[in-house]
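Here's a quick briefing to read alongside the model. Have the chains up on screen and follow along topic by topic.

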Amino acid sequence: MKRLYDSGAWAHRALGGLLPALLLLLWLTAAETGMVAPYLLPHPKDVLATAASYVFGHGGQAGFAGRFMDDFTASITRVMLGFGLAVLVGLPLGILSGRLALANRLLGTTINALRAVPGISWLPLALVWFGIGLKTTVFLVALAAFFPIYLNAEAGARQVNPTLLRAGAMMGVRRLRGTFAILLPAAMPNIITGLRLGLGISWAYLVLGELTGVHNGLGAVIMDARMLGRIDVIMVGIIFIAVIGRLCDVGLHHMLRFAFKSARRLP
Amino acid sequence: MKPKLKIVSSQKGAPAARAILEVEGLSKGFATNTNGAGRILVLNDVGLTVRKGEMICIVGRSGCGKSTLLNILAGFLSPDRGCVRLGGRPVDRPAPDRCVVFQEDALFPWLTVRENIAFGLKVRAMSRQEKEREVDRFLALVGLTEFGSYLPAEISGGMKQRVALARVLILQPEVLLMDEPFAALDAQTREEMQDLLLHLWAKLAHSIVFVTHDVGEAVLLADRVLLFEKAPGRVKEEIAIDLPRPREKDTERYYALCRAITSQMKRA
Ligand SMILES: Nc1ncnc2c1ncn2[C@@H]1O[C@H](COP(=O)(O)OP(=O)(O)OP(=O)(O)O)[C@@H](O)[C@H]1O
Ligand SMILES: [Mg+2]
């Protein structure tokens, strides 16, 4: 398929890096000129060194050296479990209430009431129910990711052009087969939006879940570093979450485009 | 020369063996507002018969219930009263034996032209090669062989309607239902599509119910024209078009029939 702006594709992509580059430049200037004290904003090269030590584990970084793989594995597991759970429940329920007025009546009120509760207010309850650790974090992530996934799937399923469903029915494609052959593809743009929002918010709630005293994870690192006054480690944690979050988003998008024609071909 | 309008007598006495689609006493109303307080009668006691291999055109003013009738024939809507029989059996749901070419674009936008045409074959017990061969055949029949890999968004309106035609013809429906399929096309493309339809009809011998508000189109295509009356909709007149085929548009007889039907329509 032909692409709009083909010649400028690289320039287009590079544009996304412009803002981070500017921020880095600003940071560098602030650190070099001593405008901001190092205990508030450490020099980029110190942060880089901390990051290297965090990942590769040499140098005398005491508690933080070489923790990265362990933290990363713990965090990504929690995010994937929570997000997976949210998809498993949110997608079918969303599509169901988009198509069946009865399901919408049944679920809509409750879900929209729960949606109004800020995610952080679930934290104490989750701690009582599940204790500190994996379960609490997965619960918070799943809960937070559920709403955008459910709501977008619902909107997508509701807005499907009824003529497409009629066309399918007259060609003998109905019910379950029609759901997979027509309903899902037609709702795909909304579904993708929901999944991407859900995955994004998963990372936010991961950190929330990990701030409560678990011993590993990217959120835990940030919390430990705060206790020890290690602002460089905090910044490393933040940057890693930003990068990994973005990579997950890109990965999800690519995976969907790989798996579904409709994800490739619909705007 | 004054053309005589041949009014066909009611089909009650027609031999049942030749009738493929029979409609009797069809009535349909809609609630006029959401709480269902008011009700308008859109179809009132509609009856018609389509014989095997015949093309009938339903002509009527906008809003007289043509689409509603077609939706009932297709099984998308159920009538309040009356019944529809296909080959003697009552119909109550959509099925590939009655396929619709819709007024608006109803292709699946995430499927290529090929995949759209192959869509209805999903549920058929045929080998892959057989399906591919059928799709090739129908792509060629509608003149889109080179466009198989295009997406609907990448082809013109006329080409979309060709795909819409191919994807239902491939299912070999008993009756083809067409709801103003060419109304959104420019004059030249519309003529091309009319020629294509006549060509395919001669070749595949389907029975066709063709809805239009264009009298010229009806006279060009139909064996019989059913003139629909407005509010509530019902068949006001049946006019047999006995022009020999292939038909020429700029003949005196053609214009005379158009004029006669148009004046009938004004009185409807
Ligand atoms: N679902 C519905 N609910 C309420 N009223 C309806 C509904 N569908 C159709 N109508 C009404 O029925 C009447 C006939 O509609 P229909 O679409 O069958 O007309 P039509 O002859 O196809 O018109 P057009 O030539 O403009 O397509 C219209 O007055 C319309 O308002
Ligand atoms: Mg209509």
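A residue counts as buried here when its relative accessible area is under 20%, and as exposed when that figure is over 50%. By that yardstick, buried residues make up 52% of the 268 residues in chain B. For chain A, buried residues come to 44% of 267. Keep in mind that this is a predicted model.

**Chain A overall**

- Chain A has 12 helices and 0 strands, so there's no sheet to look for, given that a strand is a DSSP run of E with at least two residues.
- Its C-alpha trace spans about 70 × 55 × 30 Å along the principal axes.
- Of the contacts in chain A with a separation of 6 or more, 72% come from residues 24 or more positions apart.
- Chain A exposes about 14900 Å², and carbon and sulfur atoms supply 71% of that surface.
- On the charge side, chain A carries 23 positive and 10 negative charges, and their mean positions sit 21 Å apart.

**Chain B overall**

- Chain B mixes its secondary structure, with 7 helices and 10 strands.
- Its radius of gyration is 19 Å, close to the 18 Å from the globule rule for 268 residues, so chain B is as compact as a globular protein of that length.
- Along the principal axes, the C-alpha atoms of chain B fill a box of roughly 50 × 50 × 40 Å.
- Among the chain B contacts between residues at least 6 apart in sequence, 70% join residues at least 24 apart.
- The accessible surface of chain B is about 12500 Å², with 49% belonging to carbon and sulfur atoms.
- Chain B has 39 positive and 33 negative charges, and the mean positions of the two sets are 5 Å apart.

**Where the chains meet**

- The contact draws on 30 residues from chain B and 22 residues from chain A.
- About 2200 Å² is buried between the two chains, and carbon and sulfur atoms give 69% of it.
- Which three residues do the most on the chain B side? B:Trp110, B:Phe119 and B:Val123 supply 29% of the area that chain B buries against chain A, more than any other three residues.

**Helix H10 of chain A and the loop before it**

- Helix H10 covers residues 218-227 of chain A, and its buried residues are A:Leu218, A:Gly219, A:Ala220, A:Val221, A:Ile222 and A:Ala225.
- Those buried residues pack against four helices of chain A: H3 (44-56), H4 (68-99), H9 (175-210) and H11 (231-259).
- After H10(A) comes A:Gly229, with a positive phi near 65 degrees.
- On the other side, A:Val214 sits in the loop between H9 and H10 of chain A.
- Loop or not, A:Val214 is buried, because its relative accessible area is 8% and the cut-off is under 20%.
- Leaving out residues up to four places away in sequence, A:Val214 touches A:Arg78, A:Ile132, A:Gly133 and A:Ala220; A:Ala220 is also one of the buried residues of H10.
- A:Val214 and A:Met255 are 41 residues apart along the chain, and their C-alpha atoms are separated by 31 Å.

**Two buried spots in chain B**

- B:Val84 belongs to strand S4 (residues 81-86) of chain B and is buried at 4% relative accessible area.
- Beyond its neighbours within four places in sequence, B:Val84 has contacts that include B:Leu21, B:Val23, B:Leu26, B:Ile72, B:Leu73 and B:Val91.
- B:Glu24 is 60 residues from B:Val84 along the chain, yet their C-alpha atoms are separated by 6.6 Å.
- B:Thr68 is in helix H1 (residues 66-74) of chain B, and at 11% relative accessible area it's buried too.
- Setting aside residues up to four places away, B:Thr68 touches B:Lys28, B:Phe30, B:Val42, B:Leu43 and B:Leu77.

**Backbone oddities in chain B**

- Most residues other than glycine have a negative phi, and most peptide bonds are trans.
- The bond from B:Arg245 to B:Pro246 is cis, with omega near -5 degrees, and B:Pro246 lies in the loop between strand S10 (234-240) and helix H7 (252-267).
- B:Gln172 has a positive phi near 50 degrees; it lies in the loop between helix H4 (157-169) and strand S7 (175-179), exposed at 54%.
- B:Ala205 has a positive phi near 55 degrees; it lies in the loop between helix H5 (187-204) and strand S8 (207-212), exposed at 52%.

Terms used:
Residues are numbered from 1 along each chain as its sequence is written. Chains are lettered from A and ligands numbered from 1 in the order in which they are written. This is a predicted model: local features need pLDDT of at least 70, side-chain atom pairs count only at pLDDT 80 or more; totals for chains, interfaces and linings use all residues. Side-chain values use heavy atoms; hydrogens and water are left out. Buried means under 20% relative accessible area, exposed over 50%, partly exposed in between (1.4 Å probe, protein chains only). Contact means heavy atoms within 4.5 Å. Accessible areas come from the Shrake-Rupley method with a 1.4 Å probe; for residues, only the protein chains shown count as cover. Lys and Arg count as positive and Asp and Glu as negative; His and the chain ends are not counted. The place of a charge is taken as NZ of Lys, CZ of Arg, CG of Asp or CD of Glu. The radius of gyration is taken over C-alpha atoms; the globule rule is 2.2 Å times the number of residues to the power 0.38. Buried area is the accessible area (1.4 Å probe) that two parts lose on being put together, summed over both.
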